[in-house]
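Here are my notes on the model you sent over. I have kept them as numbered points so you can reply to each in turn.

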Amino acid sequence: MTTAVTAAPQDSAGFWKTRYTILLLNLSGLAISYATRVNISVAIVNMVNGTALLERDATGGTQLIRDPDSCPGELVLNGPDGHKDGEFMWDKQMQGEILAGFYYGFTVGHIPGGVLADRLGGKAVMLFGMLVSSLLTALTPLSAWAGYYVLFTNRVLQGLAQGGIIPAIQTMVCRWAPDHERSLFSIIFLGIFIGTLVSMAVTGVLCETVGGWPLPFYVFGGVGLLWCVPWFFQAADSPSQHPYIDPAERNYIKATIRSAAKKNLPVPWKSIMSSPAVWALVAIMVTFDWIFYLLITSLPQYIAQVLHFDIRSNGIISAIPHITGGVGSLAFVWLTDFLLRKECMSKMCSFRLVNGFGTLVPAATMIIVALVGCDSTVIIAMLALSGFCTATDFTSSYLNMQAIAPNYAGTIVGIVNMYGNLTGIAVPYIVGVFTSTNQTRAGWNAVFYLSAAVSTVSYLIYAVFSTDEEQPWNEPPPEIARRANTTEGIENAAFDEGATQVVTEEITQRGHRRNVIP
């Protein structure tokens, strides 16, 4: 038996670590950002004067066309004893543009947000995004009263401000999460489901109070502004810059992160945009976002206009995919972590397997929904399963992005999410093409078949061209790397080869336990 002595990095004592605080702050910030994003989808029901619009359409000679293949039941319209009519005369097109306005800014904001996160660090970009978008959320009622175009501009600016949030989170994860905890840090994206669920539920309740529809915007905007306080004092771009972290934890993180993350490196745009690995990630993200935005923006219309559920049941059913998505997020974090830790298969095969669950299963559910007709029980079950599986988006796909180019994690996320979030603009328009004058089962079935086709083709592209290998362009030329090291500083000492030896020697000198290897 041969005895070998190795220096084992030792974490700080105690259960709670500073990096867990960073994790929770990112999770809660993401949840609040989604809450401020989607609350208008519910509040707009009380903002619009539906009765006046119906009267105007009737005066204009609009006719209601019945679907001979329609599901049983009648669409219930709230009368004088129903919910209170709002004060704005926004037709369906104007409402759609208000809801889509956020995604115009959000899509554009991803690349600059990602570049700034890589250059300035995630803390500043996250703080800016949350501070500005929360303030604009609180100002939404004033914007609405000022006029339709002012509100539309407000929504675009909210999206623009939030465009850097997810790239900033990705950059923070690359600099804070030890390699073996990357899958654990994927739990941050559970905030998407938490924020969406809380916002949909709480907004509906607040709209029925004395405060009316403006109250949710004040509440969620205020919560976002309050969140900025602990983020400012407790967050840092890296363990090296955190003022309160235990030195043992700082050294542990430095010694257990093998991937690089240097600041202020020039972005190799040509190499990135010509990389098959990047476009494979774009393909898989388009699938995830297509299904997600179909569920969050168009599902309520299908439930009301085809299945004929009333508004209260509609809200509950619309929330089901997000409830199962939250459960799925936890389940797939565990599954991904299990596959990577146990090395049951290669890392890339693990990514492909988990992403297959997230794309091919929802594709199958879309086909089943189209085939079962009016069986609402099966339809709801399929939508729940689809929401559960699409939660894989926030585990393997983001880990894959981190793997191929850790130096440009924020930029890669910005590019991939920019293309993915174009579906937030495209899906409502595509659904409108099929259903605006054809609110029938046949029209909606075409939407579901198209969604299944997009999911299948996108996954095949991902499966063929994806890789988990670090790309050659991730490492800058030596002269640029030296400049980053001497003038801008290495963001994490473990990212410098010589510094890694220093850290190892320091750990050895502190007398950490020795491992015996047979």
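The points below go from the whole chain to the cores, the cavities and a handful of single residues.

1. First, a reminder that this is a predicted model. The protein chain carries 21 helices and 0 strands, so please read every element name below as a helix or a loop between helices, going by the DSSP runs.

2. On the overall numbers, the protein chain has 518 residues, and 53% of them are buried. The accessible surface amounts to about 22,100 Å², with 65% of that belonging to carbon and sulfur atoms. If you look at contacts with a separation of 6 or more, 86% of them involve residues 24 or more positions apart.

3. Now the inside. The largest nonpolar core counts 67 residues, and L30 and I412 have the most contacts within it. Helix α13 provides the largest share of this core, 11 residues. There is also a second, separate core of 25 residues, with L295, Y302, I379 and V447 among its members.

4. L30 deserves a closer look on your screen. Which residues is L30 in contact with, once its neighbours within four places in sequence are left aside? The list is M126, I165, I166, I169, I188, F189, G191 and I192. L30 falls within the span of α1, residues 18–47.

5. On to the voids. How many cavities of 30 Å³ or more does the structure hold? There are 7 of them, and the largest has a volume of about 150 Å³. Its lining is made up of 18 residues, and those nearest the centre of this cavity are Y34, D289, F292, D393 and F394.

6. The lining of the largest cavity is worth a moment if you plan to look at its chemistry: 11 residues are nonpolar, 4 are polar and 3 are charged. Five helices, α1 (18–47), α3 (92–120), α9 (190–207), α13 (276–305) and α18 (409–435), each supply at least two lining residues. Helix α13 gives the largest share here, with 5 residues. Helix α13 also gives the largest share of the 67-residue core.

7. Two buried loop residues come next. A405 sits in the loop between α17 (396–404) and α18. Is A405 buried or exposed? A405 counts as buried because its relative accessibility is 0%, where the cut-off for buried is under 20%. Leaving aside neighbours within four places in sequence, A405 is in contact with I412, W473 and N474; I412 is one of the two residues with the most contacts inside the largest core. The C-alpha atoms of A405 and E470 are 5.7 Å apart, although 65 residues separate them along the chain.

8. The other one is S275, in the loop between α12 (269–273) and α13. With a relative accessible area of 3%, S275 is buried too. Beyond its neighbours within four places in sequence, S275 is in contact with Q471 and W473. W473 therefore turns up in the contact lists of both S275 and A405, a contact being heavy atoms within 4.5 Å.

9. For the backbone check, have a look at E343. Its phi is near 50°, a positive value in a residue other than glycine. Where is E343 placed? It belongs to the loop between α14 (311–342) and α15 (347–371). E343 is exposed, with a relative accessible area of 64%.

10. Some helix residues with accessible side are also on my list. V205 in helix α9 is exposed because its relative accessible area is 55%, and the cut-off for exposed is over 50%. Its C-alpha is 9.0 Å from that of P216, which is 11 residues away in sequence. A442, in helix α19 (residues 441–465), is likewise exposed, at 55% relative accessibility. The C-alpha atoms of A442 and G373 are separated by 9.8 Å, with their places 69 residues apart along the chain.

11. Last, a proline inside a helix: P112 is placed in α3. At 39% relative accessibility, P112 counts as partly exposed. From C-alpha to C-alpha, P112 and G164 are 7.3 Å apart in space, and they are 52 residues apart in sequence.

Technical notes:
Residues are numbered from 1 along each chain as its sequence is written. This is a predicted model: local features need pLDDT of at least 70, side-chain atom pairs count only at pLDDT 80 or more; totals for chains, interfaces and linings use all residues. Side-chain values use heavy atoms; hydrogens and water are left out. On a 1 Å grid over the protein atoms alone, a cavity is a set of points where a 1.4 Å probe fits but cannot get out, and a pocket is an open set with protein on both sides within 12 Å along at least five of seven lines; lining residues have an atom within 4 Å of a point. Grid points are joined across faces, edges and corners, and a volume is the space filled by probe spheres set on the points. Helices (H or I, at least four residues) and strands (E, at least two) are DSSP runs, numbered from the N terminus. Ala, Val, Leu, Ile, Met, Phe, Trp, Tyr, Cys and Pro count as nonpolar, Asp, Glu, Lys and Arg as charged, and the others, Gly among them, as polar. Buried means under 20% relative accessible area, exposed over 50%, partly exposed in between (1.4 Å probe, protein chains only). Accessible areas come from the Shrake-Rupley method with a 1.4 Å probe; for residues, only the protein chains shown count as cover. A nonpolar core is a set of buried Ala, Val, Leu, Ile, Met, Phe, Trp, Tyr and Cys residues joined through side-chain atoms within 4.5 Å.
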